[in-house]
Each structure stands twice: as structure tokens, then as C-alpha cells.
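This report introduces a single protein model to a reader who has not met it before. It takes up cross-links, charged pairs, a barrel and one residue in turn.

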Amino acid sequence: MADLGLHRTIPRWSAMYRPAVVRARRRACLEPWVIGLITFISLIVLAVCTGLIVHYVRYNKKTTYNYYSTLSFTSDKLYEFGKEASKNFTEMSQKIESMVNNAFHKSSLRQAFVKSHIIKFSQEEHGVLAHMLLIFRFPSSEDPETVNKIIQHVLHKKLQDAVGHPKFHPELVEIKKINETETDNFLNNCCGTRRNKTTRQSLRIVGGTEVQEGEWPWQASLQWDGIHRCGATLINDTWLVSAAHCFRTYKDPARWTASFGVKIEPPKMKQGLRRIIVHEKYKYPSHDYDISVAELSSPVSYTNAVHRICLPDASREFHPGDEMFVTGFGALQNDGSSQNHLRQVQVNLIDTKICNEHKAYNNAITPRMLCAGSLKGNRDACQGDSGGPLVSPDARDIWYLAGIVSWGDDCGHPNKPGVYARVTAFRDWIASKTGV
């Protein structure tokens, strides 16, 4: 307890003359046989504890089991099975994953089951084939063959009993154990997946949180003569999306490079640019139509740390209040220098009507823009983040590119949130230039 500045002084003499009480103690001695017995019992207890620890570690250490499965089904609807990340693809994936998840959660494998993940759909003789990853964690002591049989039995039995649509053909279900490398390859070739998901909320990119490798694998740094200028987003192995104003005075693709990974130096991967396409309607100093695409000089190889974001359908709607993330290598303050390590900030989508109010941007927000951040300030992008991604997850935890960092008044000021190019408004334009 604090004494609030009042100090009580204890006279030293009172301690000096305090008499000491001295008591004689008899030292007890144990018989040798008692000492031996105690030692023996202690050794037995130690051996038992060691055995229990070894047993626990051996039989409770979890091993990840990955499976590639194909599920045949019929549906009363036609789906765009070739168009990954489309509304129909997402809805059907969510339905099937939910049915499979429920099947395992209601079985003896509920403690071991981790997740299911649809990779793709394909047409086949009996209807449609869903290609899926199944991930489990079992004690290391489990026999792999036994585990395989149990998983197959549960999947066959539960899908046979499943009600509703789609209608599965359990007799045609196939399952194959795969290793970790194969699993990584499948997941990395799916758009919008993240391998390290330790996302923490931070106040802003300005002074915000550094991210770990693999958290935002689609982020790129665009560098002019080796110096970071803008951010960009990987949408397939060859194309990036960025802001048009990044290339307003720096037009020569031969002097641009794109690096990938959470650090600009050293990068995980680096590529030159073959060509840059700026939207035809972008006219400086207007901020409207602030979008561009850039083709890499050669395709990148997908890894845990570098792969593509999903692009939303043009019809997809993002709603005010939706939680999103913006990432970049931008400055920590207005007119500051770019950072070597990628940072992140959680922002909220703001209604365009509110963003167009007089105290905010006074009707400067067009239908091709969206606002995100906080009207209280603090949570925002800054210089050097331009062209970078504003992303949002769906119910499957697949991430979509919602916006491209475009402009704003200073960094993190109240009533001046970040303004982004609205990707859904440019979805057809992106497809026409890149084929994505």
C-alpha cells in the first residue's frame, strides 16, 4: 500500500537494544534404514513419473493426417464449376464443407477432425465431382491403416444419411492420404488462402503491427529503380493489380520490379514487369478510375509465402461495418519514409453517404470508390501504401480483394478515412485486360 508521502521513522536504537532469544535445539538423526527406504521410494516415484511423461508424450503427441477426397453429387442447379471464387462456387463449397464437417463432428472422429476445404469442382459421368482436402490430427500411436478405414467408413455412412441438397453418391466417394507438401501445393493453388493466421488488431499501419510470413501472401512491393514506391496485389501467377497514380510519371516497365514476402530486403521472390496497363479513364489530378494492372516478366511459383488473392464477382456486395484489413510498406507518419517490413491494420467499411458528408469528403466519393477506416481517425493507410490491397474474408475464411489503396487527406485524421478503388466496379475491366 502506498504511504502517500508520510514516512514514519523508527529509531535505530530500539532495534539495537532488542534482546535476542536463543534456544538450544536438539538435532534429530535418522536411522540408516529409514534414509535408505526414503531414497528407494523417491526413486520409484521418479521412475513412475518419468514413465507417465514418456507415455503421455508418445501417445498424446498429435500427428497431422491429410487426405485428398473426391465426392460425387448431383444438384438441381447449374453451377459455374470452372470459375473459382464466384458466388455459385462459394455457395456450393460452403454447403458441402458444412455437411462434411457435421458428419465428422457427429462421429467418433470429432476430436481429431480439423477442417475440410473444397479445391475445385469438375463434371463427371454421374454428375459433379467435388475435390476436397480433409485434415485430421491423431495421436502418433494410431495405426495409419486403421485411421484410413475409420475415416472412409464415417464419410460413407454419414453422407449416406445426409438430407437436403446436394445429393451425394457415397458409393463413389474416394479418399487418398497425401503428405504435407502435397497439401501445401493444393492450398497454395487456391486463391485467398492464408497459412499463418495470427492476425492481430492494430491501431494503424502507421505505427501498426508487423506481420508474419504467409499472413498476406498476395502482397507485393512495386519498386522504381530498386526503391519502393507502391503496393500491389497478386491476382494470378502473372498479373498484379495496383493504383493508376503509381505509374503517372513512372511509366517504363523495364525500370520497375515487384518483390514478394513480408520484407522488401531480402525479398522472398523478385520479378521484373513486362507491361503496365492504366485505366483509360484515369485523368490526373482526379482520383477516379485509379486502377492499373501490371504483367510480370515471368510467372511466379506459388508457395506458402507467395500466392494469389481471390477477385470478387462484380455483383458481390460489401456492407458498411464489414471488418477488413489493409496492408502495406508505407510510412509511419504523414510525409514519412516507407518501411522494410510489411504492416497491417484492421479497418471497417464506411457508408459512402457518410463519407460524402461535408465534414468528410464533401461529395468527392464516386461509385468507383469506397471508404474504410475509422471516423475517429488512427486506423488508416499512408504514403507508400498506394496500390496495396484492402481485403475481406467470406464465411469460409477465403480472402477477397475489396479495394485498392488510392487516396485520402493526410494519414489517420478524424473524419478523413482512407479512400480505395472499388474492385467490384472494375471487375469486368480487370478480366478484359488480364483474363482473370
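In this predicted model, a search of the whole structure finds 4 disulfides. A disulfide is a covalent bond between the sulfur atoms of two cysteines. When the bonded cysteines are counted along the protein chain, the disulfides follow the pattern 1-4, 2-3, 5-6, 7-8. Cys190, by contrast, is in no disulfide; the nearest cysteine sulfur belongs to Cys191 and is 7.4 Å away. With a relative accessible area of 3%, Cys190 is buried.

Three of the links are set out below.

| Disulfide | S to S distance | Angle about the S-S bond | Handedness |
|---|---|---|---|
| Cys230 and Cys246 | 2.0 Å | -100° | left-handed |
| Cys355 and Cys371 | 1.9 Å | -90° | left-handed |
| Cys382 and Cys411 | 2.0 Å | 80° | right-handed |

Which parts of the chain does each of these links join? Cys230 belongs to strand E8 (residues 227-234), while Cys246 sits in the loop between E9 and strand E10 (256-260), so this disulfide ties together parts that are 16 residues apart in sequence. Both Cys230 and Cys246 are buried.

The link of Cys355 and Cys371 connects a helix with a strand: Cys355 lies in helix H6 (residues 352-355) and Cys371 in strand E15 (residues 369-373), so parts 16 residues apart in sequence are tied together. Cys355 is buried, as is Cys371.

In the case of Cys382 and Cys411, two loops are involved. Cys382 lies in the loop between E15 and E16, and Cys411 in the loop between E17 and strand E18 (418-422), so the pair ties together parts that are 29 residues apart in sequence. Cys382 and Cys411 are buried as well.

**Salt bridges**

The whole structure contains 12 salt bridges. One of them is formed by the side chains of Glu84 and Arg308, at 2.8 Å from N to O. Glu84 is in the loop between strand E1 (62-74) and helix H3 (87-105), and Arg308 is in the loop between E12 and strand E13 (323-328), so the pair ties together parts that are 224 residues apart in sequence. Are these two residues buried or partly exposed? Glu84 counts as partly exposed at 26% relative accessibility, whereas Arg308 counts as buried at 16%.

Another salt bridge joins Glu97 to Arg396, with the closest N and O atoms 2.6 Å apart. This pair links distant parts of the chain, 299 residues apart: Glu97 is in helix H3, and Arg396 is in the loop between strand E16 (389-393) and strand E17 (399-407). Glu97 counts as buried at 8% relative accessibility, and Arg396 counts as buried at 15%.

Glu210 and Arg343 also form a salt bridge, their closest N and O atoms being 3.9 Å apart. Because Glu210 lies in strand E6 (residues 209-210) and Arg343 in strand E14 (residues 343-350), the pair ties together parts that are 133 residues apart in sequence. Glu210 is partly exposed, with a relative accessible area of 39%, while Arg343 is buried, with 11%. Elsewhere, Arg274, Arg275 and Glu295 are linked in a network of salt bridges.

**The barrel**

Six strands form a closed barrel with antiparallel pairing, in the order E7-E8-E9-E12-E11-E10. From one strand to the next, the twist averages 40°. Within the barrel, strand E11 (residues 269-278) and strand E12 (residues 292-296) run antiparallel and are joined by 5 bridges. Here Ile277 stands opposite Val293 in E12. Helix H7 (residues 427-434) lies across strand E9 (239-242), E11 and E12, and runs at about 30° to E12.

**The surroundings of Met132**

Met132 is found in strand E3 (residues 127-139). Why is Met132 described as buried? Its relative accessible area is 1%, and buried means under 20%.

Leaving aside neighbours within four places in sequence, Met132 is in contact with several residues, among them Tyr67, Tyr68, Ser69 and Leu71. Its contacts also include Ile96, Glu97 and Val100, as well as Ser116, His117, Ile118 and Ile119. Met132 and Ile96 are 36 residues apart along the chain, and their C-alpha atoms are separated by 9.5 Å. Glu97, one of the residues in contact with Met132, is also the partner of Arg396 in the salt bridge described above.

Notes
Residues numbered from 1 in each chain as written. Predicted model: local features only at pLDDT ≥ 70, side-chain atom pairs only at ≥ 80, totals over all residues. Heavy atoms only, no water. Pairing = 2+ DSSP bridges. Helix = DSSP H or I, 4+ residues; strand = E, 2+ residues; numbered from the N terminus. Axes fitted to C-alpha atoms, helices over the stretch in contact; angles between N-to-C directions. Contact = heavy atoms within 4.5 Å. Buried < 20%, exposed > 50% of the residue type's maximum accessible area, 1.4 Å probe, protein only. Salt bridge = Lys/Arg side-chain N within 4 Å of Asp/Glu carboxyl O. Disulfide = S-S within 2.5 Å.
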